[in-house]
Amino acid sequence: SDCKATEAKIVVSGKMGVGKSALVVRYLTKRFIWEYDPTLESTYRHQITIEDDVMNMEILDTAGQLGEDSTNQWEGHVRWGDGFLLVYSVDDRESFENIAQLKNFLDDIKKPRNVSMVMMANKTDLERERVVSTDEGEKLAQTLACAYYEGSALLGDGVIGEAFEELCREVRRRKMME
Ligand code: GDP
Ligand code: MG
């Protein structure tokens, strides 16, 4: 219904240490926090306006990671969420490989529906430590049929807001089609 289309439950997922909390805090407060309790799972509320509609976002900053924590916990997150920000870090190849696993897991639980997703590569400020190229990121996003953004929570470019808001728009579009 139209009413439902004004809510977006966003789940921020990805390997531990990729900067999920830093991205969420940067997006919501415009600040960068160097050390954020890696075991802390938090939900934040935020409002944005899309095409004259106020969207109520709930953002779940997850703490565990798929495959490490109980599958039950992850299933709960995935069932709860409308949209998923899949985060990896350009200096961590394992975190990049984790994205495809996450996508498979999402598909399994959300089927037969498609899932709203956006991919976010973080820590582009670490140029010299970079092991995953922009090209690889874009290719994977193409394969997974989702938008791709890259940026740095540390530097705090506008890309972070764009990634969250594109995901919110994607959730809205999908809900309006239902
Ligand atoms: P999470 O486990 O995914 O929530 O990751 P955190 O947000 O706790 O960040 C993990 C570590 O990466 C912390 O030491 C952060 O300071 C650091 N970090 C996060 N984002 C960036 C970034 O854009 N650039 C750099 N250089 N470090 C970052
Ligand atoms: Mg965290």
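**Close-up views of a predicted model**

**View 1. Leu-28, a partly exposed residue of helix α1.** Leu-28 counts as partly exposed because its relative accessibility is 24%, and partly exposed covers values that are neither under 20%, which is buried, nor over 50%, which is exposed. In this predicted model, Leu-28 is found in helix α1, which is made of residues 20-29. When neighbours within four places in sequence are left aside, Leu-28 is in contact with Tyr-44, His-46 and Ile-59. Arg-45 is 17 residues away from Leu-28 in sequence, while the distance in space from C-alpha to C-alpha is 9.2 Å.

**View 2. The open sheet and the order of its strands.** The sheet is open and has 6 strands, which follow one another in the order β2-β3-β1-β4-β5-β6 with mixed pairing. Strands β2 (42-50) and β6 (147-150) are the edge strands, and each of them pairs on one side only. From one strand to the next, the twist averages 25 degrees.

**View 3. The pairing of β3 with β2 and with β1.** Strand β2 is joined to β3 by 9 bridges, and these two strands run antiparallel; within this pairing, Thr-43 has Leu-60 of β3 as its bridge partner. The two strands β2 and β3 form a hairpin with 2 residues between them, and in the turn Glu-51 has a positive phi of about 45 degrees. Strand β3, which spans residues 53-61, also pairs with β1, here in the parallel sense and over 6 bridges. In that pairing, Ala-8 stands opposite Met-57 in β3.

**View 4. Strands β5 and β6, with the helices that meet the sheet.** Strand β5, formed by residues 116-122, runs parallel to β6 and is joined to it by 4 bridges. Met-120 is found opposite Tyr-149, a residue in β6. Helix α3 (residues 93-110) packs on the sheet, where it touches β1 (7-13), β4 (83-89) and β5, and its direction makes about 160 degrees with that of β4. Helix α4, formed by residues 134-144, lies across β4, β5 and β6, and it runs at about 155 degrees to β6.

**View 5. Ser-95, a buried residue of helix α3.** Is Ser-95, which is found in helix α3, buried or exposed? Ser-95 is buried, because its relative accessible area is 0%, and the cut-off for buried is under 20%. The side chain of Ser-95 reaches the backbone nitrogen of Ser-89 at 3.0 Å. Not counting residues up to four places away in sequence, Ser-95 touches Ser-89 as well as Lys-15, Val-18 and Tyr-88.

**View 6. The surroundings of ligand 1.** How many residues surround ligand 1, and which are the closest? There are 19 residues around ligand 1, and the closest are Gly-17, Lys-20, Ala-22, Trp-34 and Asp-125. A backbone N or O atom of Ala-22 lies 2.9 Å from an oxygen atom of ligand 1, and a backbone N or O atom of Leu-154 lies 3.1 Å from an oxygen atom of the ligand. For Asp-125, a polar side-chain atom is placed 2.7 Å from a nitrogen atom of ligand 1. On its own, ligand 1 has 580 Å² of accessible area, and the protein covers 88% of this area.

Notes: Residues numbered from 1 in each chain as written. Chains lettered and ligands numbered in written order. Predicted model: local features only at pLDDT ≥ 70, side-chain atom pairs only at ≥ 80, totals over all residues. Heavy atoms only, no water. Pairing = 2+ DSSP bridges. Axes fitted to C-alpha atoms, helices over the stretch in contact; angles between N-to-C directions. Contact = heavy atoms within 4.5 Å. Buried < 20%, exposed > 50% of the residue type's maximum accessible area, 1.4 Å probe, protein only. Near = heavy atom within 4 Å. Polar contact = N/O pair within 3.5 Å; in protein donor to acceptor, adjacent residues only side chain to side chain. Areas by Shrake-Rupley, 256 points an atom, 1.4 Å probe, with all protein chains shown as cover.
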